[in-house]
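Dear colleague,

Here is the structure I promised to pass on to you, and below it I have written out what was found, step by step. Please keep it open beside you as you read.

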Amino acid sequence: EAVRSRLDGWVQSVTRSHQRVRPEDIAKMWIDYPPLPEQRAIADYLDAETARIDALIARKRRMLELLEERERCLFDSTLAATPDSAPRADSPWLVAFPASWPVMRLSLVARLLNGTTPSRDDPGYWDGDVPWLASTVAGNDIVTEPTAFVTQRALAECALAMAPAGSVLVALYGQGKTRGSCSLLAIDSTFNQALVAIVPLRGRLIASFLHLALRAAYDVLRNLAQGGQQANLNTEQL
């Protein structure tokens with residue numbers, strides 16, 4: 001912690017979004033220098049503890065994957081339990097659901113909003129009082145905190161869409177498992193271009209049901225993505 005504080009004191013701003021510590025400052029740092037046997041003992045101990053923690057993290061991730069699979073199976077089995085349930089060619093990602101249910105485009109029962117990111121080079125756009133979200137929040141079940149804040153000026157000048165609480169966020173692209181993941185939004189917030197906000201039309205669609213349905217369709221959403229090096233979903237596909 002002391003080293004981090006010292007480095008923070010040496011940070012120089014190159015641009016608003018790019019800060020660095022100079023190599024010559026790091027070279028002048030004083031460090032603890034115990035005898036070699038103690039260095040070895042400390043390093044060996046920390047290596048063993050780090051490996052143990054990594055193994056615990058891997059087991060936790062596996063448990064979360066199994067819970068997500070159980071959730072999808074529960075959603076499928078609940079729909080399939082009704083008397084007139086059957087597989088439907090128009091929704092192959094569900095095992096079965098009631099034949100009496102109509103199927104319609106999402107755009108007929110919800111509004112879809114696109115996001116954007118204000119310029120990082122304009123200090124007048126950031127550190128305001130308007131919540132703003134990055135696509136990393138899409139891994140959360142419910143979003144209750146913003147990633148950052150933008151200003152009212154950014155809201156007016158940058159075509160930022162404000163998604164109301166009760167919207168469902170879907171990640172259009174991102175690293176790892178991010179693309180296709182979705183979250184229920186618990187706050188009014190703007191968001192970046194890697195997310196789309198789906199706002200259910202009142203009286204036509206319930207947000208919590210849509211959230212569960214899209215979580216069950218995670219694999220299908222990912223497979224809809226197009227592109228080369230980084231495949232993307234888009235609003236039209238949704």
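Helix α3 has 45 residues, which at 1.5 Å a residue should span 66 Å, and because its end C-alpha atoms are indeed 66 Å apart, the expected span and the span in the model agree. Please bear in mind, here and in everything that follows, that this is a predicted model.

Which residues of α3 are buried? They are R72, F75, D76 and L79, and the cover over these buried residues includes the strands β3 (85-86) and β4 (97-98) as well as the helices α5 (207-216) and α6 (218-224). When you look at the numbering of such residues, it helps to remember that an α-helix has 3.6 residues a turn, so residues three or four places apart point the same way.

The same helix, which covers residues 36-80, also holds L46. This leucine counts as partly exposed because its relative accessibility is 46%, where partly exposed refers to values between the 20% limit for buried and the 50% limit for exposed. Together with I42 and Y45, L46 makes a nonpolar surface patch of about 320 Å².

Turning to the strands, you will find an open sheet of 3 strands in the order β8-β6-β11, in which the pairing is mixed. The strands β8 and β11 stand at the edges and have a single partner strand each, so one side of each is left without a neighbour in the sheet.

How do β6 and β8 pair, parallel or antiparallel? Strand β6 (residues 126-133) pairs with strand β8 (residues 148-150) in the antiparallel sense, over 4 bridges, and within this pairing W132 has A148 of β8 as its bridge partner. Strand β11 (residues 190-191), by contrast, runs parallel to β6 and is joined to it by 2 bridges. Here W132 stands opposite T190 in β11, while L133 stands opposite F191, so that W132 is a good residue to find when you want to follow the sheet from A148 across to T190.

Finally, there is R20, which lies in strand β2 (residues 18-20). With a relative accessible area of 45%, R20 is partly exposed. If you compare its place in the sequence with its place in space, R20 is 12 residues away from D8 along the chain, and the two are 9.4 Å apart from C-alpha to C-alpha.

With best wishes

Key
Residues are numbered from 1 along each chain as its sequence is written. This is a predicted model: local features need pLDDT of at least 70, side-chain atom pairs count only at pLDDT 80 or more; totals for chains, interfaces and linings use all residues. Side-chain values use heavy atoms; hydrogens and water are left out. Patches are made of residues with over 30% relative accessible area and no salt bridge: like charges are joined within 9 Å, nonpolar side chains (Val, Leu, Ile, Met, Phe, Trp, Tyr) within 5 Å. Accessible areas come from the Shrake-Rupley method with a 1.4 Å probe; for residues, only the protein chains shown count as cover. A salt bridge is a side-chain nitrogen of Lys or Arg within 4 Å of a carboxyl oxygen of Asp or Glu. Buried means under 20% relative accessible area, exposed over 50%, partly exposed in between (1.4 Å probe, protein chains only). Two strands pair if DSSP finds at least two bridges between them. The expected span of a helix is 1.5 Å times one less than its number of residues. Contact means heavy atoms within 4.5 Å.
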